[in-house]
Amino acid sequence: MSNFPPALLFIGGAFCIPLLPTRLRAAFMLLLPVVGFFNVMTMPEGTYWVVPFLQFDLIFGHIDRLSKVWGYIFHIITFLTVIYALHIKRAMEYWAAFVYAGAALGVVFAGDLVSLFIFWEVMTIGSTCLILARNTDSARKAAYRYALVHIAGGLLLLAGIVLKYHNTGSIEFGFLGLHGLAHTLIFLGFGVNCAWPFFHAWLPDAYPEASVTGTVVLSAFTTKTAVYVLARSFPGTPELVILGAIMAAFPIFYAVIENDLRKVLSYSLINQVGFMMVGVGIGTELSINGTAAHAFAHILYKALLFMSMGAVLYRTGKINGTDLGGLHKSMPLTTIFCIIGAASISGFPLTSGFISKAMIISACGAQHLAIVWLILIFASAGVFHHSGIKIPYFAFFAHDSGIRTKEAPLNMLIAMGIAAFLCIFLGVFPQTLYSILPYPEAAAAYVPYTASHVVLMLQLLFFSALAFTILMVTGIYPPELRGINVDCDIIWRRGAQFFFLIVKKIIAPIDSAISHIYRAVGLVLLMALARFLSWFDWNGIDGLVDGSAHCVRSIGRRVSLVLQRGQIQQTIYYTVTFVAVILVAFVWL
Amino acid sequence: MEKSFFEKPRNIKCIRITLYSICFLLFLADGKIHHHADFPWENWFGFFSIFGFVGCVGLVLGAKYILRPLLKREENYYE
C-alpha cells in the first residue's frame, strides 16, 4: 500500500514548518491537508502499520468507515483553518495546530490503547500551546487550568488502560462496553475530553481565552475525537443517553446570560456534543450514522461561527455583547457568513445541521425515548435562540455600538466563504455526506426532506424566533451585562485558592508555631544537654583517663623503687624467678 | 449617524410583520401535513409551534430570573 499514517504526515510536517521561509511555508501548509485528504480517501479498510514496541503491537492504521469520516473532516477543517490563519507571521501557532491535528488523526486511526494514549497526550500539549499563543496573562492562567484538567483526564485513561492490560493482557482498541473498573476508568477519561457535565467547565473556560485562530482549531478536535472514541468503544451505553440529554439542555441556559460571545459559542458546542452523545448512547445504525454526520456538519458550522466571531475580535479587539452591535455596516460579508453558520447550527432546512441532527432525533423517536426526545426538541429550539439569533444579533445588529472598522482580511473571508458553502452544499445534497457514513444502507434509506419534517422544523424555529422578538420588544429579554457566570470550574479555581488559604492561614501558622516551640524548648534542652555532656567529658571522661594515667605512673614509680635498686644479683634473681614462674605456669597448664 | 436598511424603524416593522405572518401560516399548516409520528403528542394541532414558543420563553425567563441571580459575579471574581 502506498499510503502512509495520517498522523505522521501532520506531525512530521509540523516540525518542518518553522524551518521554511514565509511564502513557501504557506504553500506547504496548504498542501499538507490536501495530500492527507487524498491519502485517507485512497486508504483501503483494514489494519495497517503495526509496529512492535516492547511487548506491544502498536497499530497506527485501524481503518474502517467510522474512522474515515473523522479522517476526512479533520483534513478539511485543517485546510480551512490554515487559510483562516494565513495572516499570522509566527510559526509557533502553526506548529501547535499541526501537532494537535496530527495527534487527533493519530487517535482516530489508532488500533491499540497505547498509541491512542500517546496521541491523546500529544493533543493536550498541542492544544495547550494554542491557548498560550494568545499571549495574555489570563490566557496563560487558562492554559494552565486546561492542561491540569486534561492531564487528570489522561491519568484516568492511563489507569484504565494499565488495569485492562493487567486483567486481560490485551491493549486492543475496539468495542469495550461499560463494565468493570478498567473500562469505567477509560470511559471517564474519554468523558473529560468530551466535556461531560461537571467535567465540561474546562471548555468555556479555555476556548474563549485562546487566540483568534486558536479557538477555531480547538473547537474542531478535542471533543469530536472524544465522540469518536466513545462511538467506537461504548456504543449503546444507556448512561450516554442521559449524559447527552443533560449536555444538550443545560448549556443553553448559560448561553442566554453569557456576555462573551465566544463563550456563548463554547456553551453551544457542549450542547451540540450532547446530541452526539445521545446518538452514541442509543447505538443503532441510524443513531451512529447520525452521530458521525452531526460531528462532520458540526465541525464545519462551529468553526464557521468561531471564525466570524474571531474576525470581529481581530478587527475590533472586542468580543463582549455589551461592547458590540451594528457591525453589519462595516463587515457585511462576515455578517452573511455568520448567519449561514447560525442557520446551520439551528438546523434550518437546506443547511448541514438539518440533515444531521434530524437523524439523531429520528433515532431517538424510533427507540421511543420520550423524555430524551422532548429534551432534544427543546435543545433544538434553544440552540436557535442563543447561537442562531443571539450571536449574529448582538454582534452585527442590536444597538449601534459606533464601532466602524474594516471587513475581515481576505484570507479569513475565503475560509469563511468555503465553510459557509460547505454548510449549504451538505444541506442541499445530503447524499454526499450520507454516502461516507459508517452504515451506508441505513444512511441511503434515510430521507431527511419530507414535507412534514420540514414544516415541523420550521414551526419550531420560527416560533423560537417569535419568542425572541416578543421578549425583545417587551424588554423582558435579559440585557447583556458585564460580569462572569460561575460554572463547575469554581470547584478547581476556588478550590485552589481555598487550598492556598488553608496553607496560609492554618498550615503555615502551625508550622511557625512548631518552629517557635522547637526554638524555645528544643534548643534550650539541646544546649543544656550539650553543656552537661561537655562538663561530663571534661570532668568525667577526662578525669578518669587522667586519673588512670596518674595511677599507672605512680605504681610504676613504686615498682621501680623496689625492683631497680641497681644491684645486678638482685635483678638476675628477680628475672630468673619471673621466667621460672612463667615456665612452671606454662608446663602446669 | 447614518442608518442602514436594518436600522430604519419602518423596515424593522416590515421584518416583524413578515415574521408574524410566516408564523401564522406555519401554525395553520399543521392541518395540511401528515406526519409519521413516534409519539402521540406529535399529532396534536400546533404542538411544535407552541412547544418552540413556550420552550424559548421558559428558557429566557429561567435564565434571567433563576440562573443569573445565582451565578452572576463581578468580572474580576477570580482575581
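Begin with the lining of the largest cavity in this predicted model, which by class is made up of ten nonpolar, three polar and one charged residues. To find the place, select Thr81(A), Ala85(A), Tyr94(A), Ala97(A) and Val217(A), which lie nearest the centre of the cavity among the 14 residues that line it. Next colour the helices α3 (65-84), α4 (91-108) and α9 (212-233) of chain A, since these are the elements that give two or more residues to that lining. With five residues, α4(A) gives the most. The space enclosed here comes to about 130 Å³, and a search of the whole structure finds one cavity of 30 Å³ or more.

From there, move to helix α2 of chain A by selecting residues 22-41. This helix has 20 residues and reaches 29 Å from its first C-alpha to its last, close to the 28 Å expected at 1.5 Å a residue. Which residues of α2(A) are buried? Show the side chains of Arg25(A), Met29(A), Leu32(A), Pro33(A), Gly36(A), Asn39(A) and Val40(A), which are the buried ones, and then bring back the surroundings, where the elements that cover them include α1 (6-16), α3 and α4 of chain A.

Finally, select chain B, which has two helices and one strand, arranged along the sequence in the pattern α-α-β. Turning the view, you can follow a C-alpha trace that spans about 55 × 40 × 15 Å along its principal axes. The radius of gyration of chain B is 20 Å, whereas a compact globule of 79 residues would have one near 12 Å. Of the 79 residues of this chain, 37% count as buried.

How values were computed. Residues are numbered from 1 along each chain as its sequence is written. Chains are lettered from A and ligands numbered from 1 in the order in which they are written. This is a predicted model: local features need pLDDT of at least 70, side-chain atom pairs count only at pLDDT 80 or more; totals for chains, interfaces and linings use all residues. Side-chain values use heavy atoms; hydrogens and water are left out. On a 1 Å grid over the protein atoms alone, a cavity is a set of points where a 1.4 Å probe fits but cannot get out, and a pocket is an open set with protein on both sides within 12 Å along at least five of seven lines; lining residues have an atom within 4 Å of a point. Grid points are joined across faces, edges and corners, and a volume is the space filled by probe spheres set on the points. Helices (H or I, at least four residues) and strands (E, at least two) are DSSP runs, numbered from the N terminus. Ala, Val, Leu, Ile, Met, Phe, Trp, Tyr, Cys and Pro count as nonpolar, Asp, Glu, Lys and Arg as charged, and the others, Gly among them, as polar. The expected span of a helix is 1.5 Å times one less than its number of residues. Buried means under 20% relative accessible area, exposed over 50%, partly exposed in between (1.4 Å probe, protein chains only). Contact means heavy atoms within 4.5 Å. The radius of gyration is taken over C-alpha atoms; the globule rule is 2.2 Å times the number of residues to the power 0.38.
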